[in-house]
Structures are given as structure tokens and as C-alpha cells.
Amino acid sequence: MAPILAAGSMDGKLPAGLRHVLAPNPSPLTAEGTNTWLLGEGTVAVIDPGPALPAHLEAILFRLDPGEKIGQIIVTHAHRDHSGLAPILAERTGAPVFAFGRALDGQREVATRLAAPFAVAGEGVDETFVPDERLGDGRRLAGAGWEIEAIHTPGHLANHICLAWGDLLFSGDHVMGWSTSIVSPPEGDMGAYMESLARLSARRWSQMMPGHGEIVTDPSGRLAELTAHRRSREAQILSALAGGPADTATLTRRIYTDISPALLPAAERNVIAHLVDLLERKRVSVTPEAGTATAFALVSPPTSARPSS
């Protein structure tokens, strides 16, 4: 079992055998930057090496004690702010790179097909990423004093995995305390995201170490909050469509009334992800022509035939 974390600063909160390095890539979508985790002592595993920044590479190596080496590099998902440094760190240290697969490995065909008319170039997707070894669902990886289990959690990205270290979870971008995850079709899949939330909710966690932001100290509460948030957003979309068909930009402006205009494009991608899920579940319909101005409409439930008198 992973130790319970103590109070204090980020370093003070970490259990024995775990270190943290914050990448210098702050942004509205990454909080203060990407969290890189160093697991183990002696031969160390690096979880989410982060973006391909020379300063971050040196910061990771600086955190190693004399005589230590990096034995494994583990990537939760192939967005460049998590995977970009992986091949550089591997070349520098000789350590193999582990991941579920390439960025779109694990993608559901139905979600890809339904999202095709609304697809945009995947911002931040590391299309060149290829791991040395596959870390499939349920596979365990061990080192001196630690063992982790890979849990495939698609939704934010098809190849996303979380990593269980006892009852502590490295949650990547699937569960974060500071923000919800971006789910942007076609590589983002809201149906898969909700299933992944449910899967994580079925287990008991003490803490979650996310890809961005602070440690999640109430995992069950945060999982419930994220699930309720997505269900509420779906309800808002259905309510907005009750007034008649609308395109994604119109729906986004109606629903997201309290965010910066700079974040509206990302919010619209989340709306599209919900709409693709609703299309799959036959809760909405869409006009045949493709494009961002395509209108969505509610699907009326079938009415029962009136019995003859």
C-alpha cells in the first residue's frame, strides 16, 4: 500500500520513494505546469516526463541522488506536454519508454465515425509518439520498493492510462483538482470518459497525483463531482436544444456564460464531445451537412399509439 501523505508543501506531502518536478510550461490549460513524478530510489521510474524543454530535462536529472539512474519512463498519454520529453530523456539515459500505445490506440470506431464531421486537428496530440514497450490495461510494472498497475482510462485521449500504486493513483489528465479535463473529438471521447470515471469510482483511493495542479486529497469526492458536472453539462445542452435546433457555437455561448472568451474554443470542443455522445445514444440528431455550423436537435421519444375505441 502506498503511504498516506503528510501535510505541508508539495515536497512535504509526498510519501517516501516519490519526488516531484514541475515543468515550466504554465498556461490556462496546464495550471502551473506539468507534474513529473519520480518513483523509487536507486533505479527510478519517471512518470510523465513532460514537455520537450531543456530546462525540464536538467531539472529531472538534478533530482536524482548520486549514483541513481532512471530505469523506466512511463507516459500516461500522448499529449506533448506529457510525452514530448520522453524520447529525449530515453536517449539521454537509455531507459525504455512505457505507454498504452500511440496516441489513438484504443480509440472507439463509433465515436471516431460520429465525430468525423466535427473533427479538428488535435492540438497538442503527439502524433510521433511511439513507446518502446506497451503498458496495457491491468499490466503491472515493478521496481525496487514499488509496483504499479496500469488502468486504461480513455476519454481525454484514447491511449490515456492511470497508474495505481497501492491505493494511490497517478491520474494523469483524467482526474485533476484544479480543473475538468478537456475532451475534444475525435481523439477525445465523452462516452469513454464517463465509463473511465465510473471504473475509477469503483475503487477506493487515498490520494491522486494528477498531471497538473495539486494533489487530490478526496478522490471519491472529486470523482463524484466530475461525474455530476458532466451530467449537469449534458442536461444544459439538452435544455438549450429544447428551444429548437442550434449549432455548437451557439450552444457554447448559451451554456458557458462565466468563462474568459479565450477559453470558449476549448469549451466548444467539450460541447461537441457531449453532442457526439448524445448522437451515439440517439438523444439528438444532426443535419446531414458537415461543419461547425451544423445544427443539432432533440430526438423526440417515440409516442405510444392511441388504443382504438
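Modeller: A pocket is an open set of grid points with protein on both sides within 12 Å along at least five of seven lines. The model discussed here is predicted, and its largest pocket has a volume of about 1000 Å³.

Colleague: Which residues line the largest pocket and lie nearest its centre?

Modeller: A lining residue has an atom within 4 Å of a point of the pocket. Forty residues, 40 in figures, line the largest pocket, and Pro28, Leu29, His156, Ile182 and Ala266 lie nearest its centre. At least two lining residues come from each of α3 (80-83), α7 (219-241) and α9 (264-280). The greatest contribution is that of α9, with five residues.

Colleague: What is the make-up of this lining by class?

Modeller: The lining divides into 16 nonpolar, 15 polar and nine charged residues.

Colleague: Why are β3 and β4 called paired strands?

Modeller: Two strands pair if at least two bridges are found between them. Five bridges join β3 (residues 43-47) to β4 (residues 69-74), so the two strands satisfy the rule. They run parallel, and Val44 has Ile70 as its bridge partner in β4. Helix α2 (residues 54-62) packs on the sheet and touches β1, β2 (35-39), β3 and β4, its direction making about 160° with that of β1. Helix α4 (residues 86-93) also packs on the sheet; it touches β3, β4 and β5 (97-99), and its direction makes about 155° with that of β4.

Colleague: What makes β1 and β6 the edge strands of their sheet?

Modeller: The six strands form an open sheet in the order β1-β2-β3-β4-β5-β6, with mixed pairing. Both β1 (18-22) and β6 (133-134) pair on one side only.

Colleague: What is the strand order of the open sheet of five strands?

Modeller: Its order is β7-β8-β9-β10-β11, and the pairing is mixed. The edges are β7 and β11, each of which pairs on one side only. On average, neighbouring strands of this sheet are turned by 25° against each other, direction ignored. Helix α6 lies across β8, β9 (161-165) and β10, and runs at about 145° to β8.

Colleague: Why is the pairing of this five-stranded sheet called mixed?

Modeller: Strands of a sheet may pair either parallel or antiparallel. Four bridges join β7 (residues 140-143) to β8 (residues 146-152), which run antiparallel, whereas β10 and β11, joined by four bridges, run parallel. Arg140 stands opposite Glu149 in β8, and Leu168 stands opposite Gln207 in β11. The hairpin of β7 and β8 has two residues between the strands, and Gly145 in this hairpin takes a positive phi near 85°.

Colleague: What is noteworthy about the phi of Asp48?

Modeller: Asp48 has a positive phi, about 60°, although it is not a glycine. Asp48 is in the loop between β3 and α2.

Colleague: Why is the contact of Lys13 with Glu214 called a salt bridge?

Modeller: The rule requires a side-chain nitrogen of Lys or Arg within 4 Å of a carboxyl oxygen of Asp or Glu. The closest N and O atoms of Lys13 and Glu214 are 3.3 Å apart, so the pair meets the rule. Lys13 is in helix α1 (residues 10-13) and Glu214 in the loop between β11 (207-210) and α7, so by the numbering of these elements the pair links distant parts of the chain, 201 residues apart. The count by this rule comes to 14 salt bridges.

Colleague: Which peptide bond is cis?

Modeller: The bond that joins Pro185 and Pro186 is cis, with omega about 10°. Pro186 is in the loop between β10 (168-172) and α6 (190-201).

Notes:
Residues numbered from 1 in each chain as written. Predicted model: local features only at pLDDT ≥ 70, side-chain atom pairs only at ≥ 80, totals over all residues. Heavy atoms only, no water. Contact = heavy atoms within 4.5 Å. Axes fitted to C-alpha atoms, helices over the stretch in contact; angles between N-to-C directions. 1 Å grid on protein atoms, 1.4 Å probe; cavity = no way out; pocket = protein on both sides within 12 Å on 5 of 7 lines; lining within 4 Å. Points joined across faces, edges and corners; volume = space filled by probe spheres on them. Nonpolar A, V, L, I, M, F, W, Y, C, P; charged D, E, K, R; others polar.
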